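User: Hey, I've never looked at this one before. Can you walk me through it?

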Amino acid sequence: MAAGPQSPSEYIQHHLTFFQKPLGEGGFWSINVDSVLTSILLGVIGLGFLWWVVRGATAGVPGRRQAFVEFLIGFVDDQVKGIFHHGDRNRFIAPLALTVFVWVVLMNAMDFLPADLVALVTHSFAPHGFRVVPTADVNTTFALALTVWLLMIGFSIAVKGAGGWVHELFCAPFGKNPLLWLFNVLFNLVEYVSKPLSHSLRLFGNMYAGEILFLLLWMWAAHSALNSDYLAGWITSVFLGVLWAIFHILIVLLQAYIFMMLTVVYLSMAHEHH
C-alpha cells in the first residue's frame, strides 16, 4: 500500500475527496460518482431485502427476518399515523416514509466502515479518495430534500388546485388585502426556501462532522502509537473513539428518524388549507 498523505489536513482531504466525473466546464458540471453509486447500491440492497422478506412472508409464526420487517413496518406506520390525517396513508405516505427511513439508515451506517480498509478496495479506481457515506455529501442530502420539497408542492397543488395554491401563496398567512400580498409572498418564500435547507443540512452536518471526528480520533491514536512518549494520548484517543462510535450509532438512527418525520410533516402540511 502506497504511503498516504502525512499532514492531518491532507489525510482528511484524501478520505473525503469526491470521486467526480466532469460533464462540462467548471466544478458545477460534475457528478459525485461515489455518492451516486453507493446510494443506488444501498437502495437496491435495502428495498430488495424488504421485498424478499415480504414476498416470503407466512401467516404462521414469523421467523426472525419477518418479525424484524413487521416490527419496522409497524413502527413507521405508527409514526405516520400520528402525523398524517388526510386520507389513506398506506397509499403513498407510509411506503415513502419506510423507504426514506431504511435508505437513510443504510447510507448513514456506511460511516461504520473503517476508512483505511475501504481505501484498500477503492484506491485502484479512485486514488484521490472515495466517499462511502453518501449522506456526508451535501449533494446527496440536498437531492433527497429537494425531492421531498417537490412532492410537497405537488401534493399541495393536487389537493388545492393550482389556483388555490397560488391564492394561498398570496393571501396567507396575513390576509387577502392586496396591500399584504407582497408580505405574504415573501413570508411563504422564506418558508419554502428554509424547508429544503434545514432538511438537508441537518443530516449532512451531523454525518460530515461525525466522519471528521472519527478520522481525527483514530489519527490521534495512530500518531500516538508511533511515539512511546505519547502512550497516554493513545489510550485517551482510543477510549474517546470507542465512546464516539457507540454514540454515533444513536446519531445514525436518530438522523434517519428525523429526516423521515420531517418528510411526513412537510407532506402533511401540504394537505392543509390556510
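Analyst: Here is a tour of the chain, going from the overall layout to single residues. This is a predicted model, where local features need pLDDT of at least 70, side-chain atom pairs count only at pLDDT 80 or more, and totals for chains, interfaces and linings use all residues. Residues are numbered from 1 along each chain as its sequence is written, and side-chain values use heavy atoms, with hydrogens and water left out.

User: Cool. How many helices and strands are there in the chain?

Analyst: The chain has 8 helices and 2 strands. Both kinds are DSSP runs numbered from the N terminus: helices are H or I with at least four residues, strands are E with at least two.

User: And in what order do the elements run from the N terminus?

Analyst: The order is α-β-β-α-α-α-α-α-α-α.

User: What percentage of the residues count as buried?

Analyst: Of 274 residues, 38% count as buried. Buried means under 20% relative accessible area, exposed means over 50%, and partly exposed is in between, using a 1.4 Å probe and protein chains only.

User: What about the surface, how much does the chain expose?

Analyst: About 15,900 Å², with carbon and sulfur atoms supplying 72% of that. Those areas come from the Shrake-Rupley method with a 1.4 Å probe, and for residues only the protein chains shown count as cover.

User: Which contacts join residues far along the sequence, say at least 24 apart?

Analyst: I can give you the share: among contacts between residues at least 6 apart in sequence, 68% join residues at least 24 apart. Contact here means heavy atoms within 4.5 Å.

User: Switching topic. How many cavities of 30 Å³ or more are there?

Analyst: The count is 1 cavity of 30 Å³ or more, and the largest cavity has a volume of about 30 Å³. On a 1 Å grid over the protein atoms alone, a cavity is a set of points where a 1.4 Å probe fits but cannot get out, and lining residues have an atom within 4 Å of a point. Grid points are joined across faces, edges and corners, and the volume is the space filled by probe spheres set on the points.

User: Which residues line the largest cavity?

Analyst: The lining is made of Ala 145, Val 148, Trp 149, Met 152, Lys 195, Pro 196, His 199 and Tyr 266. Helices α6 (138-171) and α7 (181-225) are the elements that give two or more residues to it, and α6 has the largest share with 4 residues.

User: How does that lining divide into nonpolar, polar and charged?

Analyst: It divides into 6 nonpolar, 1 polar and 1 charged. In that scheme Ala, Val, Leu, Ile, Met, Phe, Trp, Tyr, Cys and Pro are nonpolar, Asp, Glu, Lys and Arg are charged, and the others, Gly among them, are polar.

User: Let's zoom in on His 199. Is it buried or exposed?

Analyst: His 199 is buried, with a relative accessible area of 2%. His 199 lies in helix α7, and leaving aside neighbours within four places in sequence, His 199 is in contact with Ala 145, Val 148, Phe 259, Leu 262, Thr 263 and Tyr 266.

User: And what does Trp 149 touch?

Analyst: Not counting residues up to four places away in sequence, Trp 149 touches Tyr 192 and Pro 196. Trp 149 sits in helix α6 and is partly exposed at 24% relative accessible area. The C-alpha atoms of Trp 149 and Lys 195 are 7.6 Å apart, though 46 residues separate them along the chain.

User: Anything on Gly 210?

Analyst: Gly 210 is in helix α7 and counts as buried because its relative accessibility is 0%. Its contacts, not counting residues up to four places away in sequence, are Asp 111, Trp 244 and His 248.

User: Back to helices. How many residues of α4 are buried?

Analyst: In α4, 12 of the 17 residues are buried, so the helix is mostly covered. Among them are Ile 93, Phe 101, Met 107 and Asn 108. Helix α4 covers residues 93-109, and its end C-alpha atoms are 24 Å apart, which agrees with the 24 Å expected at 1.5 Å a residue. The expected span is 1.5 Å times one less than the number of residues.

User: Last one: which peptide bond is cis?

Analyst: The bond from Ala 172 to Pro 173 is cis, with omega near 10 degrees. Pro 173 is in the loop between α6 and α7. For background, most peptide bonds are trans.

Conventions. On a 1 Å grid over the protein atoms alone, a cavity is a set of points where a 1.4 Å probe fits but cannot get out, and a pocket is an open set with protein on both sides within 12 Å along at least five of seven lines; lining residues have an atom within 4 Å of a point.
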